[in-house]
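Thanks for coming. I have one structure to go through this morning, so please have the sequence and the coordinates open while I talk.

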Amino acid sequence: MSSIKFDNVVKSYGDVQIIKGLDLEIRDKEFMVLVGPSGCGKSTTLRMIAGLEEITDGKLYIGDRVVNNVHPKDRDVAMVFQSYALYPHMSVYENIAFGLRLRKLPKDEIDRLVSEAADTLGLTPLLDRKPKALSGGQRQRVALGRAIVRKPSVFLFDEPLSNLDAELRVHMRAEIANLQKRLSITSVYVTHDQVEAMTMGDRIAVLHDGNLRQVGTPLDLYDNPQNVFVAQFIGTPNMNILKMTVSDDGTELKHPDITYNTPAEWKAAINERKGKMVYVGFRPEHIRAEGEHDWKNVAEIKAKAQIVETLGHEVVVHSKLANDDKSIVAKMDVHKTPKVGDDLVLYVNADKLHIFDGETTNRL
């Protein structure tokens, strides 16, 4: 078993808490992605698993063993860094074999393991090259080879694709995800890119300001965000969030540009918040212009087009509400592109609305 468990783990530097009581379980053979904005604590969390950061409080388990005081070399983990960390004077073969030589394995065993890793990663023709003669993607494969050749219990990835161009990132993230599935090794992957998180992870843990805000499958986070932060962080473009007021009788949600009758399933939550502010969220893909939808339940919005981004297969329209400074973003049919300055009547799929408490920002 190579599960990983954080039990109320705290990491502090002096009086500054970076990780604030993390409770998280990563299952055996799972691909877990830690995602969040810069400074949220995701790399610190990864480095605690590796043993590169000491734990201030709480317990960290790898399998059934508490590893708080276990030396990094004895944790049976392998880490792939953002910078690749290859030895420039060594060949691809020597870089991959380096850790095996430190463990004093026989030469024929090293040859066999390096050959297997190189074959898996398509590096066999490159074994005699030095890192300076490799492309960015090839260097990344060498870094992966150095990790998998050890056959560790846990893989750790610290933003390994951030130095690559956009096209190569797409290719490499598919390679890494497929490799993890083939090897069936528990893996923890850190990124600030939510597209990477959504396309790679079995589950995603969203961190913000040292706190775990939500953990779940990509669809869990997309369809059922548990707070405003996750709602806006997951999804491209971001979810639209508007402040609306619950009517005194609880039957309507009010906004200068929208009035919406509250559905029956919201009654219990809304009744406790009569006259109070709530956040209502809806995704850009759940907005259409007149005549472009067949939704039964809609909320109508009046706005003016400000920015029109043509992406080929669709158009992203940024609009300003008529009576509010707030802007909203809609994904629309590329063949019915509005012009900047056009007055728009937009229709939101009301069955896809999300409602959050105005004080706690948590989902209702």
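How many bridges join strand 11 to strand 14, and do they run parallel or antiparallel? Six bridges join the two, and strand 11 and strand 14, residues 277-282, run antiparallel. Before I go on, please note that this is a predicted model.

Let me stay with strand 11. In its pairing with strand 14, Thr245 is the residue that stands opposite Met277. Strand 11 is also joined to strand 12, residues 252-255, by two bridges, and that pair is antiparallel. There, Val246 stands opposite Leu253. Strand 11 and strand 12 form a hairpin with five residues between the strands, and Gly250 in this hairpin has a positive phi near 75°. As for burial, strand 11 covers residues 240-246, and five of those seven residues are buried, so the strand is largely enclosed by the rest of the structure.

Going back along the chain from strand 11, we come to a loop. Pro237 sits there, between helix 8, residues 228-233, and strand 11. The peptide bond joining Thr236 and Pro237 is cis, with omega at about -10°. For general background, most peptide bonds are trans.

Now the cavity. With 30 Å³ as the lower limit, the count is one cavity. The volume of the largest cavity is about 60 Å³. What classes of residue make up its lining? The lining has 10 nonpolar residues, with no polar and no charged ones. Among them are Met244, Leu253, Tyr260, Phe282 and Leu353. Strand 13, strand 14 and strand 16 each supply at least two of the lining residues.

Next, the nonpolar cores. The largest has 46 residues, and the members that touch the most others are Ile96, Val114, Ile176, Tyr189 and Val206. Helix 3, residues 107-121, gives the most to this core, with six residues. For a view of one of those members, take Ile176. Leaving aside neighbours within four places in sequence, Ile176 is in contact with Phe31, Leu144, Phe157, Pro160, Leu161, Tyr189 and Met200. A second, separate core has 29 residues, and Leu242, Leu253, Tyr260 and Ile270 belong to it. Leu253 we have met already, both opposite Val246 and in the cavity lining.

On to the open sites. The largest pocket holds about 680 Å³ of space. It is lined by 19 residues, and the closest to its centre are Val77, Ala78, Met79, Arg146 and Arg150. Which elements each supply at least two residues of this lining? They are strand 6, helix 2 and helix 4, that is, 77-80, 92-102 and 136-148. By class, the lining of the largest pocket has 13 nonpolar residues, one polar and five charged.

The second largest pocket has a volume of about 210 Å³. Here there are 14 lining residues, and Ala350, Asp351, Lys352, Leu353 and His354 are the closest to the centre. The lining of this second pocket divides into six nonpolar, three polar and five charged residues. Leu353 appears here and in the lining of the largest cavity as well.

Some loop residues are left. Asp76 lies in the loop between strand 5 and strand 6. Its phi is positive, near 60°, and it is not a glycine. Asp76 has a relative accessible area of 32%, so it counts as partly exposed. Glu159, in the loop between strand 7 and helix 5, also has a positive phi, of about 45°. Is Glu159 buried or exposed? Its relative accessibility is 14%, so it counts as buried. As background for both, most residues other than glycine have a negative phi.

Ser83 is in the loop between strand 6 and helix 2. At 52% relative accessibility, Ser83 is exposed. Ser83 and Asp158 are 75 residues apart in sequence, with 9.2 Å between their C-alpha atoms.

Last, helix 1, residues 42-50. Why can helix 1 be called largely enclosed by the rest of the structure? Because seven of its nine residues are buried. Those buried residues are Lys42, Thr44, Thr45, Leu46, Met48, Ile49 and Ala50. Just after the helix comes Gly51, with a positive phi of about 90°.

That is the list. I will take questions now.

Note on methods. Residues numbered from 1 in each chain as written. Predicted model: local features only at pLDDT ≥ 70, side-chain atom pairs only at ≥ 80, totals over all residues. Heavy atoms only, no water. 1 Å grid on protein atoms, 1.4 Å probe; cavity = no way out; pocket = protein on both sides within 12 Å on 5 of 7 lines; lining within 4 Å. Points joined across faces, edges and corners; volume = space filled by probe spheres on them. Helix = DSSP H or I, 4+ residues; strand = E, 2+ residues; numbered from the N terminus. Nonpolar A, V, L, I, M, F, W, Y, C, P; charged D, E, K, R; others polar. Buried < 20%, exposed > 50% of the residue type's maximum accessible area, 1.4 Å probe, protein only. Pairing = 2+ DSSP bridges. Core = buried A, V, L, I, M, F, W, Y, C linked by side-chain atoms within 4.5 Å. Contact = heavy atoms within 4.5 Å.
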